[in-house]
Amino acid sequence: MIVRIMGEGQWKLADGHFTELNKLDDELLEEMEGGDEAGFRTTLGALLDAVRRLGEPLPDDALEPSELILPAPDATLDEVKAMLSDDGLIPG
């Protein structure tokens, strides 16, 4: 699966890594619903770090369709809320 982090680029991740990403996504959703800005910031950073750590970066000139788009590290709580589906940022 190809994952884009807005403002940074794309990473290719094996489907097996989505269990870890979904756990972080669930935490992020709880923090957003509770208005926990500090927790939101920490968990968003952990989610993006996990994508960077687990994925293989694609070259900057690669134009692969992204199956998942994640917010930039400096995205606000309101910006991320606008990106959410019922399942959070990561479906499933």
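**Note on the sheet, helix α2 and the salt bridges**

1. At 53% relative accessibility, arginine 53 counts as exposed, because the cut-off for that class is over 50%. The model is a predicted one, and the points below should be read as describing that model.

2. Arginine 53 is paired with glutamate 20 in a salt bridge, with 2.7 Å between the closest N and O atoms. This pair ties together distant parts of the chain: arginine 53 belongs to helix α2 and glutamate 20 to helix α1 (residues 18-33), with their positions 33 residues apart. Glutamate 20 is partly exposed, at 33% relative accessibility.

3. The structure has four salt bridges. Another of them joins the side chains of arginine 52 and glutamate 8, at 2.7 Å from N to O. Here too distant parts of the chain are linked, since arginine 52 sits in helix α2 and glutamate 8 in the loop between β1 and β2, 44 residues apart. Both ends are partly exposed: arginine 52 has a relative accessibility of 27%, and glutamate 8 one of 32%.

4. Arginine 52 also meets aspartate 49 in a salt bridge, at 2.6 Å from N to O. These two residues are both in helix α2, three residues apart, or about one turn of the helix. Aspartate 49 is partly exposed, at 43% relative accessibility. Glu8, Asp49 and Arg52 thus belong to a network of salt bridges.

5. Helix α2 covers residues 37-54 and lies across β1, β2, β3 and β4. Its direction is at about 135° to β1.

6. The sheet is open and has four strands, in the order β3-β2-β1-β4, with mixed pairing. β3 (56-57) and β4 (68-70) are the edge strands; each has a single partner strand, so one side of each lacks a neighbour in the sheet.

7. Strands β1 (residues 2-5) and β2 (residues 9-12) run antiparallel and are joined by four bridges. Within this pairing, isoleucine 5 is opposite glycine 9 in β2. The loop between β1 and β2 holds glutamate 8, one of the residues in the salt-bridge network of point 4.

8. Which residues make the nonpolar surface patch of about 240 Å²? They are Met6, Ile69 and Met83. Isoleucine 69 lies in strand β4, which is an edge strand of the sheet. Its relative accessible area is 41%, so isoleucine 69 is partly exposed.

Terms used: Residues numbered from 1 in each chain as written. Predicted model: local features only at pLDDT ≥ 70, side-chain atom pairs only at ≥ 80, totals over all residues. Heavy atoms only, no water. Pairing = 2+ DSSP bridges. Contact = heavy atoms within 4.5 Å. Axes fitted to C-alpha atoms, helices over the stretch in contact; angles between N-to-C directions. Patch = residues over 30% accessible without salt bridge, like charges linked within 9 Å, V, L, I, M, F, W, Y side chains within 5 Å. Areas by Shrake-Rupley, 256 points an atom, 1.4 Å probe, with all protein chains shown as cover. Buried < 20%, exposed > 50% of the residue type's maximum accessible area, 1.4 Å probe, protein only.
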